[in-house]
Amino acid sequence: MARWMRSIFLVSVAAAAFVMPQCLFAQRVSFGFVGGTNITHDFHLWQFPYQSDAYPGGLTTFELFSKTHTFIAGFSTEVQIHSGFSFEADALHRTLNLELQSVLPDRSILPDGTENIITWEFPLLLKYRLPLAGPVHPFINAGPSFRTRKNTASTEPSQFGGTVGAGVEFQAGRLRISPAIRYTRWQYDGDFPLYATKPDQFEFVTGVSYATSMGNWRVGRRAVQFGLIGGTSFTGGVAGRYAAEKVDERQGYIGGLALEVEARKRLSIEVNGLYRPFRTAIVTPGGPAGDYRFDFTIVTWEFPLLAKYTFQPQAKIRPFVEAGPSFRLSGNRNGSNPSSAGITLGGGFQTNYGVMKVSPVLRYTRWADDSGTIPGGFLTKPNQVELLVAFTF
């Protein structure tokens with residue numbers, strides 16, 4: 001990760017910790033939609049001259065590039081944490097376009113089609129509004145961004161970056177309209193594959209949201225809490241196929257959304273939507289050229305549905321246990337077929353920090369055995385241990 005990305009992340013965390021003392025927690029939360037478009041192109045221009053037997057009059061040049069602008073759309077949640085400061089989390093769908101064409105010796109163009117790479121961007125931003133009177137409020141924001149991808153074709157977009165932005169918020173009652181320019185610096189995609197995305201990306205986005213109170217959310221008579229959950233795994237996700245292979249897996253982040261609904265005084269139902277990528281390299285001892293390394297990512301989404309029992313519900317620190325089924329979706333499989341169901345057990349504690357509930361939990365999931373994996377494909381490990389922390393309101 002670039003040094004300035006780490007700086008943005010650390011400054012955002014430090015600022016959030018500074019402005020979020022318990023007595024300063026506010027009650028306003030906003031939900032809405034975000035839409036916009038990319039300003040910069042997604043890929044550099046790649047050119048490969050070669051001699052084609054079909055066009056002997058000179059060199060034919062095969063080109064890969066991007067020149068179109070695509071629509072960005074998604075959802076946004078913003079929580080006010082102090083006068084002027086808030087925390088914003090977005091989930092944005094964005095398609096990267098890689099266009100292919102051949103330039104013939106006579107300079108005529110032969111289109112070869114377009115590859116569409118589907119991505120989701122998840123910026124987590126600390127936001128500051130300038131303290132001006134009236135309905136118009138300029139703002140700045142900064143924080144880390146995460147990215148998933150599927151249908152990667154000849155690409156492998158990196159999954160982490162740092163985002164800064166600036167814009168203006170217009171208020172009309174509870175309605176908020178927030179046009180902004182954002183700049184994201186993504187990590188280098190890596191040495192494979194060849195067609196790397198541009199690391200510097202500018203986007204124009206506009207948010208439309210509705211502000212409400214987060215003090216006592218209810219469905220009927222049942223209390224409801226909503227927020228973010230994230231953490232890391234202690235176990236790998238991919239098993240080697242052959243004895244000679246070495247699995248080199250990077251234990252990265254897990255992140256998503258958490259929803260909890262009260263059922264009884266001590267009993268609640270918790271549902272999560274968790275993004276977990278298996279970022280893996282298979283290393284095979286090589287011959288004269290050295291070891292052969294194959295880097296790939298299997299994308300998974302986990303959806304645990306858990307019954308949660310809390311001990312000492314009136315205490316400041318409240319231990320709990322939870323259990324229930326988990327379901328899983330996967331993409332970018334690279335020959336694998338991760339099983340879609342398992343059983344999850346967990347235990348942790350929860351405490352309140354102002355109106356926010358913080359819940360660290362250690363979970364174990366036993367997934368069913370994979371089925372339908374193609375010959376020579378990768379198997380996922382059935383046993384999974386994760387450390388997660390949920391922040392709900």
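1. How many bridges pair strand 3 (residues 59–65) with strand 5, and in which sense do the two strands run? Strand 3 and strand 5 pair in the antiparallel sense over five bridges, where two strands are said to pair if DSSP finds at least two bridges between them, and L64 stands opposite L100 in strand 5. Helices (H or I, at least four residues) and strands (E, at least two) are DSSP runs, numbered from the N terminus.

2. A word on the source of the values is in order before going further. This is a predicted model, in which local features need pLDDT of at least 70 and side-chain atom pairs count only at pLDDT 80 or more, while totals for chains, interfaces and linings use all residues. Residues are numbered from 1 along each chain as its sequence is written, and side-chain values use heavy atoms, with hydrogens and water left out.

3. Strand 5 also pairs with strand 4 in the antiparallel sense, over ten bridges, and S76 stands opposite D90 in strand 5. Strand 4 and strand 5 form a hairpin with two residues between them, and in the turn G84 has a positive phi of about 95°. Strand 5 is mostly covered, with 16 of its 19 residues buried; buried means under 20% relative accessible area, exposed over 50%, and partly exposed in between, with a 1.4 Å probe and protein chains only.

4. Strand 5 (85–103) is followed by a loop that leads to strand 6 (109–129) and holds R107. The two strands run antiparallel and are joined by 17 bridges, with L96 standing opposite I117 in strand 6. Their hairpin has five residues between the strands, and R107 has a positive phi of about 75° although it is not a glycine. Most residues other than glycine have a negative phi. R107 counts as exposed because its relative accessibility is 59%.

5. A second residue of this kind is Q312, which has a positive phi of about 50° although it is not a glycine. Q312 is found in the loop between strand 17 (290–310) and strand 18 (318–331).

6. Strand 18 is joined in turn to strand 19 (residues 341–353) by ten bridges, the two strands running antiparallel, and P325 stands opposite I343 in strand 19. Ten bridges also join strand 19 to strand 20 (residues 356–367), again in the antiparallel sense, and the bridge partner of G348 in strand 20 is V361. In the hairpin of strand 19 and strand 20, which has two residues between the strands, G354 takes a positive phi near 65°.

7. V361 appears again in the largest nonpolar core, whose eight residues are I229, I254, A258, L274, F320, V361, L388 and A390. A nonpolar core is a set of buried Ala, Val, Leu, Ile, Met, Phe, Trp, Tyr and Cys residues joined through side-chain atoms within 4.5 Å. The elements that give two or more residues to this core are strand 15 (253–262) and strand 22 (383–392). Leaving aside its neighbours within four places in sequence, I254 is in contact (heavy atoms within 4.5 Å) with ten listed partners, among them I229, L274, Y275, E386 and L388.

8. The count of aromatic pairs comes to eight, where rings of Phe, Tyr and Trp (its six-membered ring) pair if their centres lie within 6.5 Å, and planes under 30 degrees apart count as stacked, over 60 as edge-to-face and the rest as tilted. F33 and F75 form a tilted pair, at 5.5 Å centre to centre and 50° between the planes. F33 lies in strand 1 (residues 28–38) and F75 in strand 4 (residues 71–82), so the pair ties together parts that are 42 residues apart in sequence. F33 is exposed, and so is F75.

9. Y183 and F202 form another tilted pair, at 4.9 Å centre to centre and 40° between the planes. This pair links distant parts of the chain, with Y183 in strand 9 (residues 175–186) and F202 in strand 10 (residues 200–213), 19 residues apart. F202 is partly exposed, with a relative accessible area of 35%.

10. Further aromatic arrangements include one cluster formed by F122, Y275 and W301. The charged end of K127 sits over the ring of F139, 4.2 Å from its centre, and R147 lies over the face of W186, at 4.0 Å from the ring centre. A charge sits over a ring if NZ of Lys or CZ of Arg is within 6 Å of the ring centre and within 35 degrees of the ring normal.
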